[in-house]
Amino acid sequence: MKLLIVEDDPVIAMHVGQSMRALGHEAELAATGEAGLEALRASEFDAIVLDRLLPGLDGLGVLRKLQQHPNQPPVLMLSALGMIDERVEGLDAGADDYLVKPFEMTELMARLNAIVRRGLASADTPRAPAGYQVGALSLDLASHGAVRGTCQIDLNRKEFSLLAELMRATDQVVTRRMLLENIWGYSFEPSTNIIESNMSRLRAKLALSGQDPIETVRGAGYILRSALC
Amino acid sequence: MIAPARARLGKLAPQFGIIFVLAMLLAGGAVLLFTQRELEAMVDQSLIDDIARISAPIGARSATVAQIADRVRQRERERSISEVGHALMAADGRRVAGMVRVAGVAQGFSDIKFRENAPRIRDGRALAVMLPGGAMLVAVAHSEIAEDMERIMWPVLLLTSAGALATGLGASFMFGRMIADRLSSIRFAADAIVAGDLSRRVPVRRLDGLFAEQARSFNRMLDRIEELMANVRQFSADIAHDLRTPITRIHTFLDEAKRGGSAARDRAIDQARRECASILGIFDALLRLSEIEAGRRRVNVRPVALAALVEDVVETMEPALADRGQSLRIGPLDPVTAMADPDLLNQLIVNLLENVAHHTPRGTVAVVSLTADVTSGFARICVADDGPGIAAADHDRVLRRFVRLDGARSSAGNGLGLAIADAVARFHGGSLTLNDNRPGLIVCLSLPATVPGHAPCLEHPLPAGSAL
C-alpha cells in the first residue's frame, strides 16, 4: 500500500513511517495539514493516516477540504481526544475510522486494511451483502444460519457476528478493539477476556465440523484463514 | 462585607418618566378640549331651546312680533343673572324689546360683543333668527361661566401637569431604584463568584415574584457550576495521585532494563508496557467519569428495551465467567423500557460482572435479573452472586473512587469500576445499592422506566443527582 501519514509529532511520525515500511508498504510523511493536501495533489495514495491536532489547518479542516473532492482515499484519524463527542465529530467530518492514541502498530495496520477493503468493496458492490462464503464455510445473514460443507453449525448471536466479522476480513487481522467496537459497540475497555472467551466458544463449535479456521495472532488479534475453511 | 454599589439604571427611568408625563399632558389636554366643546354645545342647545320657546306659535298661528316682545319682557322680569338675554329688533333695525344691546348680528350662531344694563362690553354666544315680517330675535348667552371656567381650568391643568410630572418622574425613579437594588444582589453574587468564591449564592429571602424566581434559577445554575468545578478539581487530583504509582513502577522497570542483560531487559520492558496499559485504563476510566458527570453523554440517551440489553450482556459475559469456573445465569426479565444511554448501561453491568469475575472464587454462581416496580415506575437490574460478599460497613465506601478493599488490592481493576457504575446510575436519575445476598453480594441499579400499558414514559431524563 502507498500511505500518506499526516502527523506533526516527529517521533510518532517516524515510528509509524518506519513500521509501515518494515511491513513492505510505502509511506510518505507530512507534518502539517497543508503539506498533506499538497502531497495528495501530487500523487495517488491507498490510504491516509491523519492526526487530528495539527498546527495551522487541523485534521478536521483537512477532512472538510477532502470532502469537496470525490474519490479520495480512505482516512484513518489519529487523536489523543477520545471522548464520545470527539469521536463522533471526527467520523462526521469524514474520517473512515478513528483511533485514539496511544495505539499498537498492529491495531493501526488492521484498521488501515479494513478501511481500504471497505472502500474497494463499496466501489464494487454498493449494497450490503446477503451473506459470506469462504471455502466450505457460508453464512446467511437473513436466516442467521451457518453451514460448513454439509454440517449445520448452531451459533448464538454473538458467535454469529464474530464469524461474520472475521469472514468479512478473510485473511486479514481483526483486532480485539475492532471486534469490541463493531460487534459489541462498547466504548470502554473491559478488564476480562470477553473477546477471547466468546471467540473460543465459536472456535470450539467450528472445530466440530473440521479444522478450526481461526488463528490467534499474538499481540494483534484474530485471522480467518481461507485455506482452512 | 462591602455594600453593593448601586448601579444606575441609566436612561430607563427618565425615559419612562418623560413618556408618563407626556401621556398625562395629552390626556389632560384631551379632557380639557372635550369639556370645553361639551360646554359650548350645551350653551348652543340652550339658545336653540330658548328661541324655540320665545318664538313658539300660539295655537295654529305663528306668534306676532308684539307677542314675542311681550314674552321677552316677561322673561326679563323673571330671569336671573346667569340666563339668556334677548334682543328683539324690527325689520328696520329699531329695537323693540330686550335689554341686550347688540350691533350687526348675522343670522345663526355667532360669537359677539354686547352690552346689557351696564356700559361694560361683554362677550357672548348669540343665536339670531329671522322672524316672519323681517324682525330679528337674538338670544345671547353670557359666557360668564365659560369665562370663569377658563380662568380656573388652565391653572388647574398646569397644576395637574406639574403634579403628574413630579409623580411620574418620582415613581419611575423609585421603580428604577427598586429594580436596580434587586438586580444588584445578583450582580454582587456574580462578581464574587468570578473573584473565586464559588459558594456564594443570591439571597432569596428578601425577594418575591419574578425576582425570586430569577434568583433561584441563578442559584441552581451556580450549584451546577460548583459541581462541575468540583469534578474538574477531583479529576486533576485523582490523576496526580493515582498515576504516581504506575509511573514510578515504569521508572523502576526502565532502570532494571538498563542494568540487566537482554532477558531481564525484555521482561522489564514488558512490565513497563503493562504499567502503561494500566495507566491508560485509569485515564480512560477517569475521563469516562468526567464525561458522565459533566452531562456530555446526554446526546446518547434514547428509549432502550432493557430486557434485550441485559440478555445481550449476559450472553457476552457468560463465556468469560465460564472460563474462570464461574457460572452466569439469567433471572426473571420484565418487559421494561427506559430512557438511557445503552453504552453506559452496558458498561455498568459489565463492570458488576467483572467484579464477580475478579473478586469471587471458582464455583461462584451469579444471576442477573430485571424487575419492574409498577407503582414506583422504576426498573431494577440486579447482579447477585454467592461469593464472599462485601461487609455492610463498606457498602457505601466502595462506591467512591479508588477505594480498593483489602482482599482486592492485588487483583485486577483500578478501583473505579463501582464509581463509574454509581455515576451511571445517578446520570439516569437512579441509584446503585449494595446488599447482603446471604450469602454473597447483590448489587442493584434502580432507574426510572416504563412498563408497557402502565405509567407514561418519562420524556426527559432527570439531571444527574436529582432525586425523584
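In the predicted model, the buried residues of helix α3 of chain A pack against four elements of chain A, namely α2 (33-42), β3 (47-51), β4 (75-79) and α4 (84-93). Helix α3(A) spans residues 59-67, and its buried positions are Gly59(A), Leu60(A), Gly61(A), Val62(A), Leu63(A) and Leu66(A).

The loop between α2 and β3 of chain A contains Phe45(A). With a relative accessible area of 8%, Phe45(A) falls under the 20% limit and is therefore classed as buried. Beyond residues up to four places away in sequence, Phe45(A) touches Lys2(A), Leu3(A), Leu4(A), Glu28(A), Ala39(A), Leu40(A) and Pro73(A). A separation of 9.4 Å is found between the C-alpha atoms of Phe45(A) and Glu26(A), which lie 19 residues apart along the chain.

A charged residue, Glu159(A), is located in helix α6 of chain A, which runs over residues 157-168. Glu159(A) counts as buried because its relative accessibility is 3%, under the 20% limit. When neighbours within four places in sequence are set aside, the contacts of Glu159(A) are with Asp154(A), Asn198(A), Arg201(A), Leu202(A) and Lys205(A).

Chain A as a whole comprises eight helices and twelve strands. Of its 229 residues, 47% are buried. Among contacts in chain A with a sequence separation of 6 or more, 57% involve residues 24 or more positions apart. The accessible surface of chain A amounts to about 10,900 Å², and carbon and sulfur atoms contribute 52% of that area.

Several backbone features of chain A depart from the common pattern. Most residues other than glycine have a negative phi, and most peptide bonds are trans. His144(A), which is not a glycine, adopts a positive phi of about 60°. This residue occupies the loop between β7 (137-140) and β8 (145-148) of chain A. The relative accessible area of His144(A) is 40%, so the residue is assigned to the partly exposed class, which lies between 20% and 50%. Asp171(A), likewise not a glycine, has a positive phi of about 65° and is placed in the loop between α6 and β10 (174-175) of chain A. Asp171(A) is partly exposed because its relative accessibility is 37%, between the limits of 20% and 50%.

Cis peptide bonds are found in both chains. In chain A, the bond from Lys101(A) to Pro102(A) is cis, with omega near -10°; Pro102(A) belongs to the loop between β5 (97-100) and α5 (105-124). In chain B, the bond from Arg438(B) to Pro439(B) is cis, with omega near 0°. The loop that holds Pro439(B) connects β12 (431-436) and β13 (441-448) of chain B.

Chain B contains eight helices and 13 strands, and 39% of its 468 residues are buried. For contacts in chain B between residues at least 6 apart in sequence, 63% join residues at least 24 apart. Chain B exposes about 26,300 Å², of which 59% is supplied by carbon and sulfur atoms.

The interface between the two chains involves 26 residues of chain B in contact with 23 residues of chain A. The buried area between chain B and chain A is about 2,200 Å², with 47% given by carbon and sulfur atoms. On the chain B side, Arg296(B), Glu315(B) and Thr316(B) lose the most area to chain A, and together they account for 25% of what that side buries.

Four salt bridges are counted between chain B and chain A. One of the salt bridges pairs Glu104(A) with Arg273(B), with the closest N and O atoms 3.3 Å apart. Twelve residue pairs are in polar contact between chain B and chain A, both residues of each pair being at pLDDT 80 or more. Three elements of chain B, α5 (262-293), α6 (306-322) and α7 (342-359), each give two or more residues to the side that touches chain A. The largest share comes from α6(B), which provides nine residues. By class, the side of chain B that touches chain A is made up of nine nonpolar, five polar and twelve charged residues.

Definitions and conventions:
Residues numbered from 1 in each chain as written. Chains lettered and ligands numbered in written order. Predicted model: local features only at pLDDT ≥ 70, side-chain atom pairs only at ≥ 80, totals over all residues. Heavy atoms only, no water. Contact = heavy atoms within 4.5 Å. Buried area = accessible area lost by both parts, 1.4 Å probe. Salt bridge = Lys/Arg side-chain N within 4 Å of Asp/Glu carboxyl O. Polar contact = N/O pair within 3.5 Å; in protein donor to acceptor, adjacent residues only side chain to side chain. Buried < 20%, exposed > 50% of the residue type's maximum accessible area, 1.4 Å probe, protein only. Areas by Shrake-Rupley, 256 points an atom, 1.4 Å probe, with all protein chains shown as cover.
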